[in-house]
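Visitor: I am new to this structure. Could you show me around and explain the words you use along the way?

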Amino acid sequence: MAQALQLAERGLYTASPNPRVGCVLVRNNNVVGEGWHERAGEPHAEVHALRAADDGARGATAYVTLEPCSHHGRTPPCADALIEAGVARVVVAVQDPNPQVAGQGMAKLRAAGIEVECGLMEAAARELNIGFFSRMTRGIPWVRSKIAASVDGRTALANGESKWITGAAARQDVQHWRARSCAVLTGIGTVLADDPQLNVRELATTRQPLRVLVDNALRLPLDARLLQQSGVVVYTATSDAQKIAALEQAGARVVVLVDANGQVDAAAVLRDLAVQGCNEVLVEAGSKLNGTLLNAGLVDELVLYLAPQFLGDMARSMARLGELTNLDQRINLEWQDVRHIGKDLRIVARVKK
């Protein structure tokens, strides 16, 4: 199963919106076939493994990181393929959370006389597809917020200058998080200040994430670098038809989602991204949007790059959270991983719900 999980990880940047899945076929203690799912619309991991095994699949044990599908999507059911190949036993890491499957794949295998076990290395399998599980069970993507800051938690000087707080190694590491994400989300303040592209660079990938902008009043300039490539979604709180038409003419998809305060409804943004098939969303924004998302309980994970420097009390903070009047209002974190990235420190932390 560990080998199957390593295979599944090869689809880290490409499998979305589908889950990352690996499969290893073993007969007489020998691997006779293996495969992984690379991208939507192409064969699943089980099919690749069965093709590699050919007749060797008969009587074999299949180790699969996610329950084989039982429904007709873009490809035929993998459960049927395993049955037709004569596999004797299937070991599954975790049940598929997709309501179209959700145990039906394993039930179909058992009905065909195949021995089925589930739960081997389940935690690792869930972690690999944390965004897919989030979308299927919560109806929203898994949200990570990437923040580069000084050791005193400051992201820019008071005048907005921020290039560069962290080093080149940290900036390169961010490309990995972008590449595995389905969307990169930012706010209009960041775009007006930095004119970012928010795409994956200097990293081999065949898929670029959606670039997503929260822009209440549609202040996005038509010559912004964000609009120089396709795949831009702008969420706004204004119904200004002229501004919307101009952005759509520039290639952006514009969606009006307004909350009770007349601002962009952040929770509705995430629900809409989930409908579009987004499993993981990377937030690269300023203190205002970070604060909005954190205060609303919409951030699941933080990826913090801390530089060994102080920027002082007047510099801008990581997140505009407002004043806390008692400690019960604090946002608590759980450290997941801490390591050096070049001269900086990278901390991955989960928000305790």
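Guide: Happily; here is a short tour of this predicted model.

Visitor: Where is Thr14 found?
Guide: Thr14 is in the loop that runs between α1 (2-8) and β1 (22-27).

Visitor: Why is Thr14 called buried?
Guide: Buried means under 20% relative accessible area. Thr14 has a value of 12%, so Thr14 counts as buried.

Visitor: What makes the link from Thr14 to Glu38 a polar contact?
Guide: The side chain of Thr14 comes to 2.6 Å from the backbone oxygen of Glu38. The cut-off is 3.5 Å, so this distance is within it. Beyond four places in sequence, Thr14 touches Glu38, Arg39, Thr206 and Arg207.

Visitor: How do you know that Arg10 lies over the face of Trp36?
Guide: Arg10 is at 4.6 Å from the ring centre of Trp36, and the distance limit is 6 Å. Another such case is Arg171, whose charged end sits 4.3 Å from the centre of the Trp164 ring.

Visitor: How many aromatic pairs does the structure hold?
Guide: Zero. A pair would need ring centres within 6.5 Å.

Visitor: Which residues have the most contacts inside the largest nonpolar core?
Guide: That core has 40 residues, and the ones with the most contacts inside it are Leu25, Leu50, Ala62, Leu82, Val87, Val90 and Leu109. A second core, separate from it, has 35 residues, including Ile147 and Val233.

Visitor: What is Val87 in contact with, leaving aside neighbours within four places in sequence?
Guide: Its contacts include Leu25, Leu50, Ala62 and Leu82, as well as Gly59 and Ile114.

Conventions
Residues are numbered from 1 along each chain as its sequence is written. This is a predicted model: local features need pLDDT of at least 70, side-chain atom pairs count only at pLDDT 80 or more; totals for chains, interfaces and linings use all residues. Side-chain values use heavy atoms; hydrogens and water are left out. Helices (H or I, at least four residues) and strands (E, at least two) are DSSP runs, numbered from the N terminus. Buried means under 20% relative accessible area, exposed over 50%, partly exposed in between (1.4 Å probe, protein chains only). A polar contact is a pair of N or O atoms within 3.5 Å; within protein, one must be able to donate a hydrogen and the other to accept it, and residues adjacent in sequence count only if both atoms are side-chain atoms. Contact means heavy atoms within 4.5 Å. A nonpolar core is a set of buried Ala, Val, Leu, Ile, Met, Phe, Trp, Tyr and Cys residues joined through side-chain atoms within 4.5 Å. Rings of Phe, Tyr and Trp (its six-membered ring) pair if their centres lie within 6.5 Å; planes under 30 degrees apart count as stacked, over 60 as edge-to-face and the rest as tilted. A charge sits over a ring if NZ of Lys or CZ of Arg is within 6 Å of the ring centre and within 35 degrees of the ring normal.
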